[in-house]
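Q: Please take a close look at a single part of this model, and then place that part in its wider setting.

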Amino acid sequence: MDPDRIVGLLAEPDRLRVVAALALGASTLDDIAATAGLEPREATGALVRLEQGGLVATDGTSYVLLGEAFKMAARSRPAPSEERYPEAADAAEERILQTAFAEGRLTALPAKRSKRLVVLDHLAQRFEPGRRYSERQVNATLAPVHDDTATLRRYLVDEGFLDRAGGEYWRSGGTVRPR
């Protein structure tokens, strides 16, 4: 069972309510409909779709949620590959970056300043020292990493990784790595 398929099956509110009713122990159509707060016709439609999707089994009179499908889906997802950050100064910095990023996207800017500085230094590497950038170019550089480019831009300026004047930005801090 594919996790995306399960999410698709549960994305419809009636089906989600039916799964919840089954998880709570309802097994007959009337019990499922009552527990889910649905009309029997609506519950039947959801049950048919869930059965076709492999989440529900029936013997004709009672229904059962195939909880094993969730376990199989969880196991089928490959473990995320640990991203490598060769620019990290040490293992601690690499762990911070691995925690903050997933598949190249910033998932959360660390609240602790020391960790946030590691992430900001990593982001600053995207900007070439000595080159000037318009705000639009800075946003375009940061957008592949995170949707809130304004916050990242502000943090980069506030923490001294970028400077700004006259509508232009330039890299003013951060680690400079040999190319």
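A: The account below begins with one helix, passes to a second helix, and then turns to the cores and the salt bridges.

The model is predicted, so local features need pLDDT of at least 70 and side-chain atom pairs count only at pLDDT 80 or more, whereas totals for chains, interfaces and linings use all residues. Residues are numbered from 1 along each chain as its sequence is written, and side-chain values use heavy atoms, with hydrogens and water left out.

The part chosen is helix α4, which runs over residues 40-52; helices (H or I, at least four residues) and strands (E, at least two) are DSSP runs numbered from the N terminus. Helix α4 has 13 residues and spans 18 Å from its first C-alpha to its last, close to the 18 Å expected at 1.5 Å a residue, where the expected span is 1.5 Å times one less than the number of residues. Its buried residues are Ala43, Ala46, Leu47 and Leu50; buried means under 20% relative accessible area, exposed over 50%, and partly exposed in between (1.4 Å probe, protein chains only). These four residues lie on the same side of α4, because they cover an arc of only 105° around the axis, the arc being that of the directions from the helix axis to the C-beta atoms. An α-helix has 3.6 residues a turn, so residues three or four places apart point the same way. Arg41 and Gln52, by contrast, are exposed on the other side of α4.

The buried residues of α4 pack against three helices, namely α1 (3-10), α2 (13-23) and α3 (29-36), and also against the strands β1 (56-58) and β2 (63-65); contact here means heavy atoms within 4.5 Å. Just beyond the end of α4 comes Gly54, which takes a positive phi of about 90°.

Among these partners, α2 can be described in a similar way. Its buried residues are Arg15, Val18, Val19, Ala21 and Leu22, and they line one face of the helix, since they fall within an arc of 160° when seen down the axis of α2. The face of α2 turned away from this buried side carries Pro13 and Ala23, both exposed. From its own buried residues, α2 packs against α1, α3, α4, β1 and β2. After α2 comes Gly25, whose phi is positive, near 110°.

The wider setting includes the nonpolar cores, each a set of buried Ala, Val, Leu, Ile, Met, Phe, Trp, Tyr and Cys residues joined through side-chain atoms within 4.5 Å. The largest has 23 residues, and those with the most contacts inside it are Phe101, Val119, Leu123 and Leu156. To this core α6 (91-100), α7, α8 and α9 each supply at least two residues, and α7 gives the most, with five. Leu156 is in contact with Leu120, Leu123, Ala124, Phe127, Leu142, Phe161 and Leu162, leaving aside its neighbours within four places in sequence. Apart from this largest core lies another, of 21 residues, which includes Leu47 of the chosen helix together with Ala26, Ala36 and Leu55, among others.

Phe101 itself lies in strand β3 (residues 101-102) and is buried, with a relative accessible area of 5%. Phe101 and Val145 are 44 residues apart in sequence, yet their C-alpha atoms are 8.6 Å apart in space.

A search of the whole structure finds five salt bridges, each defined as a side-chain nitrogen of Lys or Arg within 4 Å of a carboxyl oxygen of Asp or Glu. One of them joins Glu68 and Lys71 (4.0 Å, N to O), which both lie in helix α5 (residues 68-76), three residues apart, about one turn of the helix. Glu68 is partly exposed at 41% relative accessibility, as is Lys71 at 46%.

Another salt bridge pairs Asp147 with Arg105, whose closest N and O atoms are 3.2 Å apart. Because Asp147 lies in the loop between α8 (135-142) and α9 (149-158) and Arg105 in strand β4 (residues 105-106), the pair ties together parts that are 42 residues apart in sequence. Asp147 counts as exposed, at 66% relative accessibility, whereas Arg105 is partly exposed, at 30%.

Glu159 and Arg113 also form a salt bridge, with their closest N and O atoms 2.6 Å apart. This pair links distant parts of the chain, 46 residues apart, with Glu159 in the loop between α9 and β6 (162-165) and Arg113 in helix α7 (residues 113-124).
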